[in-house]
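Student: I would like a close look at a single part of this model, with a friendly walk outward from there. Could you take me through it in one connected answer?

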Amino acid sequence: MTRDKKILYALATTVTAGLLPILLFAKPSGGRMLAAAWLALMAVAVCLLIKRRKAPSLHRKAALLLTVVFVLLYFSVFFMAGMHFGFQKTTVPFNLRTLLTRILPILLIIAASETIRRILLSQESTLASVFAFLLCLFGELAIAGGFQHITYFNALMDMVGLALFPAITSGILCQFVSARHGPLPPIAYRALLVLIPYVIPFSPALPDALVAFSTLLLPLLLLLFLHALYEKRRKRATASPHAKRLGIISAAIGLVLATGLMMLISCQFRFGTIVIATGSMTGELNVGDAIIYERYGGQAISEGQIVVFQKNQSLTVHRVVEIEHINGQTRYYTKGDANEDRDVGFITSNDIVGITDFKISYIGYPSIWMHRIFENGS
Amino acid sequence: MKKRRIAIVAFLLCACMVIGLGYAAISRTLTVNANAHGIAGTLDVYFTEATKGANCVNAKLDGDENAALSATFTTTDLTTVGASATATFKITNKETVDAINAKIDYVITNNTNANYYSVAYEFVATGEDADAGVVIADGNQSVTTLPYGQSVNIVVTVTLKAGVTDPTQSATIGIDFKAESLPTVTP
């Protein structure tokens, strides 16, 4: 191995490994600043110590413009979705403190990591490319706050669904774009995605599942678009038209199914899904079953129907055993089939989330196992 | 290039599955069954009443109501950290022959899910004529004198203590007590 390669791999390892303790042990706000300082320092070291090779930078301005337009289009659709889901105030106000403790470190992380990525990719080494991918991924996770604060399952899912997976697909896009069009489009892409929510004081109240799904797919859609637009058509053995058609149809079906699944899981559209995790309805609905319910919109409910209702900030699926009309209020008394007694108190129409339609047996077990594994391991 | 495409598609499928499984709504009805047992011996000291308390769905005596050696209470919907369910069981010294007084100083609790639930008990006077002469000691943790024909209450409290309410968690809490005879003081 040449001396240059040794320096290259040593630096790449140092940069990447240096981010790990920050991700695992630093608190979110401190972690961002530490990661920014570390990456800035390493970017200087990489620029000084690693020979920069000439790398292609084709259609720079066009790629940059397309990236910015694509991201703005995404946010337009994202905010239009707020008309269906409603809006919520952002939790972090845009002020000087936010600028100094969040925005500036984030911008520094993005700029430094993309600079290092560009230099590593220009080395035309697979290992260097892997390091480039990893350090930018770790940078994204540092922006998201690291893992130190994750003490319960929902926080883990937010990190995985809203930070890790989008960071992976974003990394795939940025590797591709940086290698062909220079570092500016990836910097613009990452910066806009992270910073726009800080600047706008409200955001659509989309379910986390839908946000996770859309941020997972967005970079790959942009990648497909740029790839189709700028990649040269090389003469090579390509798939037959039949195979290409099959590929396109499979992709379309997959996208429709995945979108449908996310809509079900979000429970924000006409139908929702819920996993049965306890045995109070054993016999009719067993642990591990997933039920599909129709969202309640004022439909008549009769005794014997199984409903999904919200009580004490949790969802319960029980059977309506009695209905009373008192002083203009309709009271529903519920009971789990396997429970000896009725549920305490009663519920009203305001508490009802949906009416069960049908169940799919056993399919909910993986969700229950995921919760259990995390709880037992924590 | 083809391998990369396959890898990306495989990653997408896995990611969608993880997101789908992780964000799926889960029904939450926690069940805690608490069982209080008197250990059978030569004394006629039994559970004679079971009363539901806060967040208690069902409290009942098991077996013969006149000679119940165990009682059960069930609670659901403990979903907030610190939320608790209580039930009160009356213990009566039913001795009549030889007028034997009893003491209850052997109480142990068994909790199958101590990570999520804590259990506590205390003896409390019934506040009725039937508790005349009952002496509760050790910070309400034992009954040094339960005269024949008299009663005392044992209040059992189960509290959700974990920081996370995993809807799949349940627990069986056991309270065991043993009544022993006190020597009869003859003038």
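Tutor: Let's begin with A:Glu284, which counts as partly exposed because its relative accessibility is 37%. In this predicted model, the side chain of A:Glu284 meets that of A:Arg319 in a salt bridge, with 3.7 Å from N to O. That pair ties together distant parts of the chain: A:Glu284 sits in the loop between E3 and E4 of chain A, A:Arg319 lies in strand E6 (residues 314-326) of chain A, and 35 residues separate them.

A:Arg319 also forms a salt bridge with A:Asp337, where the closest N and O atoms are 2.8 Å apart. Here again distant parts of the chain are linked, since A:Asp337 belongs to the loop between E7 and E8 of chain A, 18 residues away from A:Arg319 in strand E6. A:Asp337 has a relative accessible area of 32%, so it is classed as partly exposed. Elsewhere, salt bridges with shared partners connect A:Glu114, A:Arg117, A:Glu140 and A:Arg190 into one network.

Within that network, A:Arg190 and A:Glu114 form a salt bridge whose closest N and O atoms are 2.8 Å apart. This pair also spans distant parts of the chain, from A:Glu114 in helix H5 (residues 96-121) of chain A to A:Arg190 in helix H8 (residues 184-199) of chain A, 76 residues apart. Both A:Arg190 and A:Glu114 are buried. Over all chains, a search of the whole structure finds 8 salt bridges.

Now to the sheet that includes strand E6 of chain A. Its 7 strands form an open sheet with mixed pairing, in the order E7(A)-E6(A)-E5(A)-E8(A)-E4(A)-E3(A)-E1(B). Strand E7 (329-335) of chain A and strand E1 (25-26) of chain B stand at the edges; each has a single partner strand, so one side of each lacks a neighbour in the sheet. Strand E4 (residues 290-295) and strand E8 (residues 352-360), both of chain A, run antiparallel and are joined by 6 bridges. As an example of this pairing, A:Tyr293 has A:Thr356 as its bridge partner in E8(A). Helix H10 (residues 241-266) of chain A packs on the sheet and touches strands E3 (271-275) and E4 of chain A, its direction making about 70° with that of E3(A).

Helix H10 also leads us to the nonpolar packing. The largest nonpolar core has 44 residues, and A:Phe165 and A:Leu216 have the most contacts inside it. The elements giving two or more residues to this core are helix H3 (60-80), helix H7 (153-181), H8, helix H9 (208-230) and H10 of chain A, together with helix H1 (2-23) of chain B. H9(A) gives the most, with 13 residues. Apart from its neighbours within four places in sequence, A:Phe165 is in contact with A:Val160 and A:Leu216 in its own chain, and with B:Phe11, B:Ala15, B:Val18 and B:Ile19 across in chain B. A second, separate core has 43 residues, among them A:Leu23, A:Ile110, A:Ala128 and A:Ala163. As general background, nonpolar side chains in soluble globular proteins tend to be buried together.

Since chain B has now entered the picture, here is its overall plan. Chain B has 1 helix and 12 strands, and the helix comes before the strands along the sequence. Of its 187 residues, 49% are buried. Among its contacts between residues at least 6 apart in sequence, 72% join residues at least 24 apart. Chain B exposes about 8,700 Å², with carbon and sulfur atoms supplying 53% of that area.

One residue to visit there is B:Glu49, in strand E3 (residues 45-52) of chain B. B:Glu49 counts as partly exposed because its relative accessibility is 38%. Beyond its neighbours within four places in sequence, B:Glu49 is in contact with B:Leu61, B:Thr88, B:Phe89 and B:Lys90.

Finally, two backbone details may interest you. Most residues other than glycine have a negative phi. A:Tyr362, however, has a positive phi near 70°, and its place is in the loop between E8 and helix H11 (365-377) of chain A. B:Asn140 likewise has a positive phi of about 70° without being a glycine, and is located in the loop between strand E9 (135-137) and strand E10 (142-146) of chain B. A:Tyr362 is exposed at 60% relative accessibility, whereas B:Asn140 is partly exposed at 29%.

Key:
Residues are numbered from 1 along each chain as its sequence is written. Chains are lettered from A and ligands numbered from 1 in the order in which they are written. This is a predicted model: local features need pLDDT of at least 70, side-chain atom pairs count only at pLDDT 80 or more; totals for chains, interfaces and linings use all residues. Side-chain values use heavy atoms; hydrogens and water are left out. Two strands pair if DSSP finds at least two bridges between them. Helices (H or I, at least four residues) and strands (E, at least two) are DSSP runs, numbered from the N terminus. Contact means heavy atoms within 4.5 Å. Axes are lines fitted to C-alpha atoms, for helices over the stretch in contact, and angles run from 0 to 180 degrees between N-to-C directions. A salt bridge is a side-chain nitrogen of Lys or Arg within 4 Å of a carboxyl oxygen of Asp or Glu. Buried means under 20% relative accessible area, exposed over 50%, partly exposed in between (1.4 Å probe, protein chains only). Accessible areas come from the Shrake-Rupley method with a 1.4 Å probe; for residues, only the protein chains shown count as cover. A nonpolar core is a set of buried Ala, Val, Leu, Ile, Met, Phe, Trp, Tyr and Cys residues joined through side-chain atoms within 4.5 Å.
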